[in-house]
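Me: Please take a close look at a single part of this structure and walk me through it. Keep it brisk, and build outward from one residue.

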Amino acid sequence: MAAVDSFQFLYRELSRSCSSYFETLALVGALYTANRAVILLSDCCTLVRVHFLPRMIPSKKLAQRYGDWAVIYGASEPVAKAYAEELARHGINIIFVTQDNTSVRDIAASISQSYGVETAVISADFSLGHAASKPIKEAIRGKDIGFLVNCLDESLTSPQSLIEMSEHGLLDQVNKNVTVATLMTRLVLPGMVERSRGAVVNISSGACCRPLRGRVTLTAFTGYLDHFSRALHYEYSSRGIFIQSLIPFQIASSRLQPSSSYSSLSLREGWFVPKPEVYARHAISTLGISSRTTGYWPHTLQYGLMRCIPEWVWVLGSRVLSAS
């Protein structure tokens with residue numbers, strides 16, 4: 001009985017002496033909870049402002065806001081092809097820039113016939129360096145170029161270690177995904193600045209959010225396009241140019257995704273895996289609203305969840321899944 005009384009007495013004394021610490025910890029906990037609640041509320045408001053309001057509230061036609069013509073690089077990729085079709089649906093004429101014009105010519109003819117817009121295909125061999133820019137300059141001369149769309153090469157999504165890539169293959173990927181996107185922007189941007197309007201859209205992948213096993217080049221190139229877009233937006237947004245970084249997650253029939261363990265799911269259409277046409281329709285509605293977005297609101301939910309996971313947990317989970 002004496003032991004019980006002693007324990008209760010000791011507990012009361014400790015509680016009395018530590019009461020100030022308990023109050024401090026409670027205050028810290030309340031502040032942290034309030035901070036997380038404010039962040040969550042802000043994210044919800046951003047989700048509504050970027051993905052829902054633009055689709056509900058009518059806005060000016062894209063041609064009036066940005067221009068009559070769009071230059072598309074990477075139209076052989078499903079996402080870029082769908083984006084070009086969506087622009088054409090809004091009455092935008094399309095110039096396709098490609099190194100292999102066989103499949104792109106069919107795409108251009110189909111878009112022109114379906115939407116009644118002008119299309120042109122420019123073949124440019126970027127391995128020639130500066131000489132590749134000449135036919136592009138001639139094609140855009142005198143045209144009201146309102147859009148430039150650069151799309152990441154999807155061949156990067158195949159799992160491959162850096163040391164397994166040949167030097168020629170690596171240099172070719174750097175040229176196609178870094179050099180060309182930068183050069184295309186350099187060619188189109190002066191005209192946009194002169195007219196004080198225009199939009200540059202760089203479509204990369206959600207892979208830039210977290211490192212991926214076997215996807216070193218994909219993560220690096222998506223990271224470049226993402227930061228390139230953000231830096232350009234800070235520099236040219238005050239001059240009437242809107243620069244957007246699109247970082248989509250899984251898209252049906254497209255391998256531009258940050259998941260290395262469930263690649264088979266990328267072919268199944270669903271709420272989180274939209275068709276390229278559905279994704280393009282949502283993505284275009286965010287033009288002029290958000291300079292960096294997934295372009296599709298379920299993907300934004302995925303991005304928010306991924307952001308809550310510490311990187312070391314993500315890396316550990318990726319290793320476990322890849323080993324299984």
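Reply: Start with glutamate 85, which has its place in helix H3. Bear in mind that the model is predicted. Is glutamate 85 buried or exposed? Its relative accessibility is 16%, and the cut-off for buried is under 20%. Glutamate 85 therefore counts as buried.

What does glutamate 85 touch, once neighbours within four places in sequence are set aside? Its contacts are Ile111, Tyr115 and Glu277. Ile111 and Tyr115 belong to helix H4. That leads to the helix pair.

H3 covers residues 78-89, and H4 covers residues 101-115. The two pack with their axes 10 Å apart. The angle between them is about 25°. Angles under 35 degrees count as roughly parallel, so that term fits H3 and H4. H3 passes H4 in a right-handed crossing.

Which residues meet there? From H3 come Lys81, Ala84, Glu85, Ala88 and Arg89. From H4 come Ile107, Ile111 and Tyr115. Sorted by class, this contact has five nonpolar residues, three charged ones and no polar ones. Glu85 is one of the H3 residues in that contact.

Now to the sheet. It is open and has seven strands. Their order is E3-E2-E1-E4-E5-E6-E7, and the pairing is parallel. Strand E3 (119-123) and strand E7 (292-293) stand at the edges. Each has a single partner strand, so one side of each lacks a neighbour in the sheet.

Helix H6, residues 167-195, packs on this sheet. H6 touches strands E1 (69-73), E2 (93-98) and E4 (145-151), as well as E5 and E6. The direction of H6 makes about 170° with that of E4.

E6 deserves its own pass. Strand E6 spans residues 241-246. Six of its six residues are buried, so E6 is largely enclosed by the rest of the structure. Which residues point which way from E6? Ile241, Ile243 and Ser245 point one way. Phe242, Gln244 and Leu246 point the other way. Both sets are buried.

How does E6 pair with E5 and with E7? With strand E5 (residues 198-203), E6 pairs in the parallel sense over six bridges. Within that pairing, glycine 198 has isoleucine 241 as its bridge partner. With E7, E6 also pairs in the parallel sense, over two bridges. There, serine 245 stands opposite arginine 292.

Key: Residues numbered from 1 in each chain as written. Predicted model: local features only at pLDDT ≥ 70, side-chain atom pairs only at ≥ 80, totals over all residues. Heavy atoms only, no water. Axes fitted to C-alpha atoms, helices over the stretch in contact; angles between N-to-C directions. Helix = DSSP H or I, 4+ residues; strand = E, 2+ residues; numbered from the N terminus. Parallel < 35°, antiparallel > 145°, perpendicular 65-115°, else oblique. Left-handed = near helix turned anticlockwise from the far one by under 90°. Contact = heavy atoms within 4.5 Å. Nonpolar A, V, L, I, M, F, W, Y, C, P; charged D, E, K, R; others polar. Buried < 20%, exposed > 50% of the residue type's maximum accessible area, 1.4 Å probe, protein only. Pairing = 2+ DSSP bridges.
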